[in-house]
Amino acid sequence: MDKEIIVGVDIGGTSIEAGCIVNKKMEKLSLQPTGAHRGKEEILNTLYETIEQVLLPGTLAIGVGVPGLLDAEKGEILNISNIPSWNQLPLKEALEKRFKLPVFVNNDANCFALGEKHFGKGQPYKNMVAIALGTGVGGGVIIQDKLYPGMFGGAGEVGMWPYKDATFEMYCGSAYFIKKHHATGKELYDMALAGDLSAQEIFNDFGTNIGKLVKNILYILAPDAIILGGSISQSFSLFEAGMKRELSDFPFEAIKKKIVIEQSQLNNIATLGAAGLYYNGQALQMMPSVFEGNVMEKMS
């Protein structure tokens, strides 16, 4: 079988990670500091170097996930708060010019959903929602096996829904532990595992918040599965009971019985998810002749 080689790239305010995925398995990985305070070209050069460290002859495409608002069709970053010099950056154009390969760019939360769909727990499901629980609370939506990005990649931003006196991001992200309970999630996690009853109750309450969020998703989308990722999802065993208790009165019994809610188990999910942009079917629309003589052909 011919090798199917895709490069996935996760760009964050702290680091840039690139991975070479061969036949849907990670083969090479490179990580460099973003240096987000630097100018546009300096960060672009770091991105180029990171990709070049994993690029193999025969690479078919590059997928890139970025945390911000973007025009996915044009591959242009409209607003990215943690890398200010990249606002209004035509990233797709820059990368295609550099590497002479098809490039696909999307929001990192959407890439997370694609990572679960093509590499993780979401593989069996046609319709699913992936939610990343961390500093922020973001999500991605898969409908009939395809990403539904919405306008400017903004679909699935469930953390922005109003909830109590703020939003779900306040009550389902790291701010819940820090601002409401004056400790980090990791500190409370360790305390709960050590048997601290007050910390365990905090996670039970946190599970109630997650259950409320899940209910809203079920009312709007009724997906086959919801996959929870991000750093806080590692405490799933501590908040699962609270979540299920909140879901117990969901009125649509058939949906309640069938819905699958699982914790992501993937490493390097963001980078795999960026590669998932290729598997999302967009690559089939590209004409190979446009990219004749790509950089890897010249190297080989």
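Me: Where does Lys 164 lie?

Reply: Lys 164 is placed in the loop between β12 and β13 (166-167), where strands (E, at least two residues) and helices (H or I, at least four) are DSSP runs numbered from the N terminus. The model is a predicted one, in which local features need pLDDT of at least 70 and side-chain atom pairs count only at pLDDT 80 or more, whereas totals for chains, interfaces and linings use all residues. Residues are numbered from 1 along each chain as its sequence is written, and side-chain values use heavy atoms, with hydrogens and water left out.

Me: Is Lys 164 buried or exposed, and what is its phi?

Reply: Relative accessible area is read in three classes, with buried under 20%, exposed over 50% and partly exposed in between, using a 1.4 Å probe and protein chains only. Lys 164 has a relative accessible area of 59% and is therefore exposed, and its phi is near 50°, a positive value in a residue other than glycine. Ala 222 also deserves a look, since phi is positive there, near 45°, again in a residue other than glycine. Ala 222 sits in the loop between α7 and β14 (225-229) and, at 37% relative accessibility, counts as partly exposed.

Me: Which residue takes a positive phi just after α2, and which residues in α2 are buried?

Reply: Lys 100 takes a positive phi of about 55° just after α2, while within that helix Leu 91, Lys 92, Ala 94, Leu 95, Glu 96 and Phe 99 are buried.

Me: At what angle do helix α1 and helix α2 pack?

Reply: Axes are lines fitted to C-alpha atoms, for helices over the stretch in contact, and the angle between N-to-C directions runs from 0 to 180 degrees. Angles under 35 degrees count as roughly parallel, over 145 as roughly antiparallel, 65 to 115 as roughly perpendicular and the rest as oblique. Helix α1 (residues 40-52) packs with helix α2 (residues 91-99) at about 50°, their axes lying 12 Å apart, so α1 and α2 are oblique to each other. The crossing of α1 past α2 is right-handed, a crossing being right-handed if the near helix is turned clockwise from the far one by less than a right angle, and left-handed if anticlockwise.

Me: How do α6 and α7 pack, and what is the handedness of the crossing of α6 and α7?

Reply: The axes of α6 and α7 are 7 Å apart and meet at an angle of about 120°, so α6 and α7 are likewise oblique to each other, but the crossing is left-handed.

Me: How many salt bridges does the count come to?

Reply: Side chains of opposite charge can pair when their charged atoms come close. The rule applied here asks for a side-chain nitrogen of Lys or Arg within 4 Å of a carboxyl oxygen of Asp or Glu, and the count comes to 12 salt bridges. One of them joins Arg 98 and Glu 52, whose closest N and O atoms are 2.8 Å apart. Because Arg 98 belongs to helix α2 and Glu 52 to helix α1, this pair ties together parts that are 46 residues apart in sequence. Arg 98 is partly exposed at 37% relative accessibility, and Glu 52 is partly exposed at 37% as well.

Me: Which residue forms a salt bridge with Asp 145?

Reply: The partner of Asp 145 is Lys 126, with 3.1 Å between the closest N and O atoms. This pair links distant parts of the chain, 19 residues apart, with Asp 145 in the loop between β10 (137-143) and β11 (146-147) and Lys 126 in the loop between α3 (108-119) and β9 (128-133). Asp 145 is partly exposed at 24% relative accessibility, and Lys 126 is partly exposed at 43%.

Me: What separates Asp 190 and Lys 186 in helix α6?

Reply: Asp 190 and Lys 186 are 4 residues apart in helix α6 (residues 185-193), and are therefore separated by about one helical turn. Their side chains meet in a salt bridge of 2.7 Å, N to O. Asp 190 is partly exposed at 36% relative accessibility, whereas Lys 186 is exposed at 54%. Elsewhere, Lys 212, Lys 215, Glu 246 and Asp 249 are joined into one network by salt bridges that share partners.
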